[in-house]
Amino acid sequence: MQYLISVVHDQPTHSTPEEDAAIDVFNERLQTENHWVFAGGLAAPETATVIDNRGGAAMVTDGPFLESKEYLAGFWVIEASDLDVALKLAAEGSKACNRKVEVRPFQ
């Protein structure tokens with residue numbers, strides 16, 4: 001089963017070199033243990049563009065969808081046998097990146 005581990009950031013600073021190194025080690029472990037599917041870091045929220053095409057014409061707005069102190073800073077998509085394994089890996093990912101994470105299964 002696949003899970004999304006979302007990295008939630010709540011500080012104005014970017015990751016430190018130490019955090020980047022810990023994330024690299026965690027990524028290598030995910031790959032070695034066949035949990036790795038895909039991962040990535042995201043640019044700052046102010047670089048976002050929101051598109052709403054539910055009406056007659058697409059409306060394009062600069063900036064994040066929500067103004068919030070917390071934002072999605074990155075993610076991992078992992079393969080895990082069950083939720084317990086995914087939660088254990090997420091806890092290790094949270095420690096590596098020094099941020100809160102949210103775990104959600106794919107449907």
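Two strands count as paired here if DSSP finds at least two bridges between them. The model is predicted, and the tour below moves from the whole chain to the sheet, then to the helices and one side chain.

**Whole chain.** Start with everything selected. The protein chain has two helices and six strands, and along the sequence they follow the pattern β-α-β-β-β-β-α-β. Aligned to its principal axes, the set of C-alpha atoms fills a box of roughly 45 × 35 × 20 Å. If you colour by burial, 25% of the 107 residues count as buried. A surface rendering shows about 7,300 Å² of accessible area, and 56% of that area belongs to carbon and sulfur atoms. Among contacts with a separation of 6 or more, residues 24 or more positions apart account for 76%. For a charge view, the chain has 8 positive and 17 negative charges, and their mean positions are 5 Å apart.

**The sheet.** Next, select strands E1, E2, E5 and E6. These four form an open sheet in the order E2-E5-E1-E6, with antiparallel pairing. Strand E2 (36–41) and strand E6 (100–105) are the edges; each has a single partner strand, so one side of each is left without a neighbour in the sheet. Direction ignored, neighbouring strands of the sheet are turned by 20° against each other on average.

**Across the sheet, pair by pair.** Begin at the E2 edge. Five bridges join E2 to E5, and the two run antiparallel. To see the register, select phenylalanine 38, which stands opposite valine 77 in E5.

Move on to E5 and E1, an antiparallel pair over eight bridges. Two places to select are tyrosine 3, opposite isoleucine 78 in E5, and serine 6, opposite phenylalanine 75 in E5.

Keep serine 6 selected and look to its other side, where glutamate 102 in E6 stands opposite. Here strand E1 (residues 2–9) pairs with E6 in the antiparallel sense over six bridges. When you turn on side chains, one rule helps with reading the strands: in a regular strand the side chains alternate between the two faces of the sheet.

**The helices.** Select helix H1 (residues 17–32). Helix H1 lies across E2 and strand E5 (71–79), and its direction makes an angle of about 25° with E5. Then select helix H2 (residues 83–97), which lies across E1, E5 and E6 and runs at about 155° to E6.

**One residue in H1.** Which helix holds asparagine 27? Asparagine 27 is in helix H1. Is this residue, asparagine 27, buried or exposed? Its relative accessibility is 14%, and because buried means under 20%, asparagine 27 counts as buried. Show the residues in contact with it: leaving aside neighbours within four places in sequence, asparagine 27 is in contact with Trp36 and Trp76. Trp36 falls in strand E2 (36–41), and Trp76 falls in strand E5 (71–79), the two strands that H1 lies across.

Technical notes:
Residues are numbered from 1 along each chain as its sequence is written. This is a predicted model: local features need pLDDT of at least 70, side-chain atom pairs count only at pLDDT 80 or more; totals for chains, interfaces and linings use all residues. Side-chain values use heavy atoms; hydrogens and water are left out. Axes are lines fitted to C-alpha atoms, for helices over the stretch in contact, and angles run from 0 to 180 degrees between N-to-C directions. Contact means heavy atoms within 4.5 Å. Buried means under 20% relative accessible area, exposed over 50%, partly exposed in between (1.4 Å probe, protein chains only). Accessible areas come from the Shrake-Rupley method with a 1.4 Å probe; for residues, only the protein chains shown count as cover. Lys and Arg count as positive and Asp and Glu as negative; His and the chain ends are not counted. The place of a charge is taken as NZ of Lys, CZ of Arg, CG of Asp or CD of Glu.
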